[in-house]
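User: Please take a close look at one part of this model, beginning with the surroundings of the ligand and then following the fold outward. I would like one connected account.

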Amino acid sequence: MQQAGHKLRVALVGVGFGAEFAPIYRDHPDVEWVGIYDSNSDKLRAASERFCVSKTWSTLEEILDDDEVDAVHLVTPIPLHAQQSVAVLNAGKHCACTVPMATSFEDIQAIIRAQKTSGKNYMMMETAVYTREFLMVQDRFDKGDFGTISFARGGHMQDMEGWPYYWYGLPPHHYMTHAISPILRLLKTRVKKVHCFGSGALPEDRRQRYGNPFPVETAIFRLVDSDVAVEVTRSLFQTVRPYSESFAIYGEKLGFEWQQIEEEDPLVFSIPEPGSGRGRKILHEAVEPPDRQDLLPEEIAAHTRKAVFSDGKHLSFVQGGGHSGSHPHLVHEFVRSIVEGRPSSIDALTAAAWTAPGIAAHMSAMQDGEAMRVPDFRDVF
Ligand SMILES: NC(=O)c1ccc[n+]([C@@H]2O[C@H](COP(=O)([O-])OP(=O)(O)OC[C@H]3O[C@@H](n4cnc5c(N)ncnc54)[C@H](O)[C@@H]3O)[C@@H](O)[C@H]2O)c1
């Protein structure tokens, strides 16, 4: 727990999409100041001027040696997440990291070990479980409105043509947490095993970096202590479809499906009167999910709606509508977990349970759909 009255001092690393978070930390009532670092000096200068941040650094090592810094939030390229998270925790600082946690089981283990050894907080900043849509479904789920669940499906289809180099050839399911995390959070379980097929064929020159031949992967997961099967499809290239980061969940009393395109509202399916007659009536309603500013301190509540970075021109805003208001909820949870001295809602074990299924799924795809077990990381120490 933080000393009474001590406000957090936060370093934000990577100010592409990451710049989104600078004004939210700046405005959070439990944060004294936020500083930033980016290895691209032009971006660093532009962001520090724009957000008038208190402090900048010229290397990550400088941040790790800076006794004033309590917590580091990493929003850097995917291949850096694991090594930087371990370095932050080993330096005795709390660590938030954008998704995915890592891209190998070994790196997941290393982060869990570093978190346990350091005793500092880790949080994977998974936007999908703080969207307006998810918060609405979670409310109804917790009230028992869905009844017994029979099936769930996650999807994340996004055209990554023109994105930074590390996306080219990335195994699609290595970045799958947005599609599976809402379902695992609702069902309060983790994945036991997976069968997955790759689909399509990447050109030879795009296969070099990761040895992955697939632009698309589709998987079916078995869960621990659950009879629900979960299907997840992920596409990165060669698949014409507007951006969609979605989930659907179906119970005996209620069903929920994410909107077809981001500009629409999601659909809720219900049965007006119980009955078993042939062709019984099933209703559908497009529901606008409420904006849960009531869950946030007043000082940061408006950030559920404001596109705070580049006037909303970063692709995550253009394509994802600011991840449906999730950013201030993530910052609030990370900060409050430290202040209250408790694990964050997406601590290292939870992050592992949401990241490892995608790693196992890609292994299965590389073996033409062979069953792959997903490790239980609770024994790592
Ligand atoms: N919904 C979400 O949660 C979501 C959405 C988009 C991106 N992401 C994650 O965020 C990451 C960043 O996304 P982006 O679109 O800004 O990517 P990007 O590659 O455009 O930007 C990454 C930034 O990190 C900087 N950087 C690179 N190496 C660095 C280093 N060693 N130290 C410090 N800074 C470094 C770059 O200069 C750049 O400004 C992605 O890799 C992805 O993992 C998550």
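Analyst:
**The ligand shell and the sheet of domain 1**

The shell around the ligand divides into eleven nonpolar, ten polar and two charged residues, where Ala, Val, Leu, Ile, Met, Phe, Trp, Tyr, Cys and Pro count as nonpolar, Asp, Glu, Lys and Arg as charged, and the others, Gly among them, as polar. The model is predicted, so that local features need a pLDDT of at least 70 and side-chain atom pairs count only at pLDDT 80 or more, while totals for chains, interfaces and linings use all residues. Residues are numbered from 1 along each chain as its sequence is written. Of the 23 residues around the ligand (C-beta atom, placed from the backbone, within 6 Å of it), those that come nearest are Gly14, Gly16, Phe17, Ser39 and Asn40.

The domain assignment, automatic or from a database, gives domain 1 as 8-127 + 296-347 and domain 2 as 129-292 + 360-373. An open sheet is formed by six strands in the order β3-β2-β1-β4-β5-β6, with parallel pairing; strands (E, at least two residues) and helices (H or I, at least four) are DSSP runs numbered from the N terminus, and two strands pair if DSSP finds at least two bridges between them. At the edges stand β3 (55-56) and β6 (122-124), and because each has a single partner strand, one side of each is left without a neighbour in the sheet. The parallel strands β4 (residues 71-74) and β5 (residues 94-97) are joined by four bridges, and Leu74 has Cys97 of β5 as its bridge partner.

Helix α2 (residues 41-51) packs on this sheet, where α2 touches β2 (31-37) and β3 and its direction makes about 155° with that of β2; contact requires C-beta atoms, placed from the backbone, within 7 Å, and axes are lines fitted to C-alpha atoms, for helices over the stretch in contact, with angles from 0 to 180 degrees between N-to-C directions. Helix α10 (residues 327-340) also packs on the sheet, touching β1 (8-13), β2, β4, β5 and β6, with its direction at about 165° to that of β6.

Towards domain 2, the C-alpha centres of the two domains lie 25 Å apart, and the contact takes 19 residues from domain 1 and 17 residues from domain 2. On the side of domain 1 that touches domain 2, the elements giving two or more residues are α9 (315-320) and α10. By class, that side has six nonpolar, eleven polar and two charged residues.

Technical notes: Two residues are in contact if their C-beta atoms, placed from the backbone, lie within 7 Å.
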